[in-house]
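Subject: Structure for you to look at

Hello,

Here is the structure I said I would pass on. My notes on what turned up follow below it.

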Amino acid sequence: MGVALPDAAMDAVQKRLMFEDECILVDENDCVVGHESKYNCHLMENIESKNWLHRAFSVFLFNSKYELLLQQRSATKVTFPLVWTNTCCSHPLYRESELIEEDALGARNAAQRKLLDELGIPAEDVPVDQFIPLGRMLYKAPSDGKWGEHELDYLLFIVRDVNVNPNPDEVADVKYVTKEQLKELLRKADAGEEGLKLSPWFRLVVDNFLFSWWDHVEKGTLKEAADMKTIHKLT
């Protein structure tokens, strides 16, 4: 658990994003009920007292060798700094292109935008129609005393060889892992070795879905694994 920073100590880039970005508020059935700043959506007092829930996405990008690209979140991130996680995790914003619900197009548009923002992956390397939405999960996770997550998360898989040029404001490190290398990372995180920490949403996907879905990645049968009707409540 980190120590919550006062707002004045917040990194300038992260502070701007916290106040400028408007997240999409939804109910537990994923129906839009409003919008709020990223700042307000991530305050634990709002999550606990108002039960605010916002839409999110998590991208799992595999290369043609079926290795998964992981990122370590930057030290300046307000929630879960220096934590290892899946390729990219962020929010569709309250804007027309990212509110489109048909075939999860809003989340896919947001994913393409953030892969460029965070990892410098050009849009042409990750065409929107190549993301496969596999499922949705709802979870809640405190980061420290002040900040936390309460998200309805779209899980998006994509298999592409891409150019990666991480943005240091967002990402401290990246690496591709095989299944066996990820299992070793999980073991180290569980044992508290090397100070290694994994994000709570990544851990939920790992524990509930990832390895069986990874088999589908290798077989080229990902679409068979998709279930966008169910909202898995994993809080």
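In this predicted model, the lining of the second largest pocket draws at least two residues from each of β7, β8 and α7 (222-225). The largest share, three residues, comes from β8. The pocket holds about 160 Å³ of space. To find it in the viewer, look for Asp 129, Gln 130, Phe 131, Ile 132 and Pro 133, then Phe 157, Ile 158 and Val 159, and finally Leu 222, Lys 223 and Ala 226, which together line the pocket. By class, that lining is made of eight nonpolar residues, one polar residue and two charged ones.

Next, the cavities. The structure has three of 30 Å³ or more. The largest contains about 190 Å³ of space. Its lining counts 18 residues, and those nearest the centre are Lys 38, Arg 73, Lys 77, Thr 79 and His 91. Two or more lining residues come from each of α1 (12-20), β6, α4 and β8. Eight residues of this lining are charged, five are polar and five are nonpolar.

The second largest cavity has about 40 Å³ of space. Its lining consists of Arg 55, Pro 92, Glu 98, Ile 100, Glu 101, Ala 104, Leu 105, Gly 106, Ala 107 and Tyr 154. Here α4 gives the largest share, three residues. Six of the lining residues are nonpolar, three are charged and one is polar.

Helix α4 contributes to the linings of the largest cavity and the second largest cavity, and I looked at this helix separately. The helix runs over residues 105-119, 15 residues in total, and spans 21 Å from its first C-alpha to its last, close to the 21 Å expected at 1.5 Å a residue. Which residues of α4 are buried? They are Gly 106, Ala 107, Arg 108, Ala 110, Ala 111, Gln 112, Lys 114, Leu 115, Glu 118 and Leu 119. Two of these, Gly 106 and Ala 107, also appear in the lining of the second largest cavity. The cover over the buried residues of α4 includes the strands β3 (54-62), β4 (68-73), β6 (88-90), β7 (132-142), β8 (148-159) and β9 (171-177). Just after the helix, Gly 120 has a positive phi of about 65°.

That leaves two backbone details to check. Most residues other than glycine have a negative phi. Tyr 66 is not a glycine, yet its phi is positive, at about 65°. This tyrosine sits in the loop between β3 and β4. Is Tyr 66 buried or partly exposed? Tyr 66 counts as partly exposed because its relative accessibility is 32%, which falls between the 20% limit for buried and the 50% limit for exposed.

Leu 82 is the other residue to look at: its phi is near 60°, again a positive value in a residue other than glycine. Leu 82 lies in the loop between β4 and β5 (84-85). With a relative accessible area of 44%, Leu 82 is partly exposed as well.

If you open the model, I suggest starting with the pocket lined in part by β8, then moving to α4 and the strands that cover its buried residues.

Regards

Definitions and conventions
Residues numbered from 1 in each chain as written. Predicted model: local features only at pLDDT ≥ 70, side-chain atom pairs only at ≥ 80, totals over all residues. Heavy atoms only, no water. Helix = DSSP H or I, 4+ residues; strand = E, 2+ residues; numbered from the N terminus. Expected span 1.5 Å × (residues − 1). Buried < 20%, exposed > 50% of the residue type's maximum accessible area, 1.4 Å probe, protein only. Contact = heavy atoms within 4.5 Å. 1 Å grid on protein atoms, 1.4 Å probe; cavity = no way out; pocket = protein on both sides within 12 Å on 5 of 7 lines; lining within 4 Å. Points joined across faces, edges and corners; volume = space filled by probe spheres on them. Nonpolar A, V, L, I, M, F, W, Y, C, P; charged D, E, K, R; others polar.
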